[in-house]
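Q: I have a model open and want to walk through it with you. Can we take it piece by piece?
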Amino acid sequence: MAEQNAGILGMGHSYPEGILTNADLEKIVDTSDEWITTRTGIKQRHKAAENEYTSQFGAAAARQAIERAGLNPEDIDIIVCATTTPDQIMPSTGALIQKEIGAVNAAGMDVFAACSGFLYGITMVESMIRTGQIKYALVIGAEVLTKYVDYTDRSTCVIFGDGAGAAVLGPVEAGKGILATKIKSDGRYDEQLYAPGGGTKYGTSHETIDDRMHFFKMKGNELFKIAVRSMADISVEMVGKAGLTIDDIDIVIPHQANQRITDAVAQRLGISEDKVYSNIAEHGNTSSASIPIAMDECIQSGKIKEGTTVLLTAFGGGVTWGGTVIRF
Ligand code: UT7
């Protein structure tokens, strides 16, 4: 069977109504709107309520993506949910979203690759579609990070927000769709960003709770430099692999980690600021959800349309990173 390009047929996104502003955070930890704005670019983030959870936002984004792709939930062959904040340890959030949307013919699963998870999912299903193993895939990035954030740690709690984005992928005509994609990790940096409690190593005990081991811990300053280098390098590699130059890229959508990281990546790539999309002021860092939320915003506002060439690049805990070039 001839190979077939895989492309994006429809996208959607969803986030909680609740908002946590920098002014709200000033009342919780020793910080200021001025520090958060200048060091991260973030003004507010969406925050799930006590009774809201990851699969709800993932399912809402997925429904929208399937509808916009002109498909039905039964058409989906695989659901890959990228998340670091699953509803529960088992079953997978992918399977829970499958139940919620009625994608009865799919295989649901999760991918744990932190902020790079959406690109991990895209890369996995791309080859399955290209080789004809499956026809339609749903890739979701969904997070309720604020339930894993330590609101006594000012260096992490100001960054993260909640939300979900989803994409339906399927066969597209030659010359379109995913032109190049690659994922990478380096587990030697495992303790740069991690949540040690709750697994088989430390378990869950009064001690792990007292030691706040179930919350995210991050060495932000060290990650910053690795993030910029990794995202820029894989971007250059993927643009080349796609047979393009950086001038052929119409829009760059980086993982929204920190505005200063985005600016530094753009500078390294030699691409003008107006070609680099940012929504971090409104959403903060939503980990695996940040790229699909940003992509869908660009599609809805007309920044991405038929023929637009998009560069995606991500970096996250693990550490993990990835790059993808897509022509719509
Ligand atoms: O999502 C993908 C993975 N994550 C990342 O890629 C995150 C990358 N890192 C970052 O975004 C930044 O490193 C942070 C935003 C986390 C921190 O910014 P920074 O400019 O690297 O600050 P820093 O950690 O070097 O800290 C500088 C100072 C410290 O004070 P002293 O020791 O110089 O007195 C911190 O205690 O800023 C202080 N600080 C704060 N001050 C006010 C740290 N957080 C805050 C805060 N408000 N929220």
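Q: Which residues of helix 11 are buried?
A: This is a predicted model. In helix 11, the buried residues are S290, I291, P292, I293, A294, M295, D296, E297 and C298. That makes 9 of 12, so the helix is mostly covered.

Q: Where does helix 11 run, and what span should its 12 residues have?
A: Helix 11 covers residues 290-301. At 1.5 Å a residue, the expected span is 16 Å. The end C-alpha atoms are 17 Å apart, which agrees.

Q: What follows helix 11?
A: G302 does. Its phi is positive, near 85°.

Q: And just before the helix, where does S287 sit?
A: S287 is in the loop between helix 10 (280-283) and helix 11. Its phi is near 50°, a positive value in a residue other than glycine.

Q: Is S287 buried or exposed?
A: S287 is buried, because its relative accessible area is 3% and the cut-off for buried is under 20%.

Q: Which other non-glycine residue has a positive phi, of about 55°?
A: R212. R212 lies in the loop between helix 7 (206-210) and strand 10 (217-218). R212 is partly exposed, with a relative accessible area of 31%.

Q: Switching to helix 4. Which of its residues are buried?
A: Helix 4 spans residues 93-101. T93, G94, L96, I97, Q98 and I101 are buried there.

Q: What do those buried residues pack against?
A: One helix and three strands: helix 3 (54-68), strand 4 (78-82), strand 5 (107-111) and strand 6 (137-144).

Q: K99 is in helix 4 too. Buried or exposed?
A: K99 is exposed. Its relative accessible area is 67%, and the cut-off for exposed is over 50%.

Q: How far is K99 from A59?
A: Their C-alpha atoms are separated by 9.2 Å. Along the chain, K99 and A59 are 40 residues apart.

Q: What comes after helix 4?
A: G102, with a positive phi near 75°.

Q: Now cis peptides. Where is the one that involves P91?
A: The bond from M90 to P91 is cis, with omega near -5°. P91 lies in the loop between strand 4 and helix 4.

Q: And what about the bond from G318 to V319?
A: The G318 to V319 bond is cis, with omega near -5°. V319 lies in the loop between strand 12 (309-316) and strand 13 (320-327).

Q: Strand 12 also holds A314. Buried or exposed?
A: A314 is buried, with a relative accessible area of 0%.

Q: What is A314 in contact with, leaving aside its neighbours within four places in sequence?
A: C115, S116, L119, M231, H255, I291, T320, W321 and G322. I291 is one of the buried residues in helix 11.

Q: How far is A314 from T200?
A: The C-alpha atoms are separated by 28 Å. The two residues are 114 positions apart along the chain.

Q: Next, I183. Where is it found?
A: I183 is in strand 8, residues 177-185. I183 is partly exposed, with a relative accessible area of 28%.

Q: What are the contacts of I183, with neighbours within four places left aside?
A: L119, Y120, T123, W321 and G322. L119, W321 and G322 are also among the contacts of A314.

Q: How far is I183 from T320?
A: They are 7.5 Å apart in space, C-alpha to C-alpha. In sequence, I183 and T320 are 137 residues apart.

Q: Zoom out. How many helices and strands are in the chain?
A: There are 11 helices and 13 strands.

Q: What radius of gyration would a compact globule of 328 residues have?
A: Near 20 Å. The chain has 19 Å, which agrees. The C-alpha atoms fill a box of roughly 55 × 45 × 35 Å along the principal axes.

Q: How much of the chain is buried?
A: Of the 328 residues, 55% count as buried. The chain exposes about 13,900 Å², and carbon and sulfur atoms supply 49% of that area.

Q: What share of contacts comes from residues 24 or more positions apart?
A: They account for 77% of the contacts with a separation of 6 or more.

Q: Last one, charges. How many positive and negative side chains are there?
A: The chain has 29 positive and 41 negative side chains. The centres of the two sets lie 4 Å apart.

Technical notes: Residues are numbered from 1 along each chain as its sequence is written. This is a predicted model: local features need pLDDT of at least 70, side-chain atom pairs count only at pLDDT 80 or more; totals for chains, interfaces and linings use all residues. Side-chain values use heavy atoms; hydrogens and water are left out. Helices (H or I, at least four residues) and strands (E, at least two) are DSSP runs, numbered from the N terminus. The radius of gyration is taken over C-alpha atoms; the globule rule is 2.2 Å times the number of residues to the power 0.38. Buried means under 20% relative accessible area, exposed over 50%, partly exposed in between (1.4 Å probe, protein chains only). Contact means heavy atoms within 4.5 Å. Accessible areas come from the Shrake-Rupley method with a 1.4 Å probe; for residues, only the protein chains shown count as cover. Lys and Arg count as positive and Asp and Glu as negative; His and the chain ends are not counted. The place of a charge is taken as NZ of Lys, CZ of Arg, CG of Asp or CD of Glu. The expected span of a helix is 1.5 Å times one less than its number of residues.
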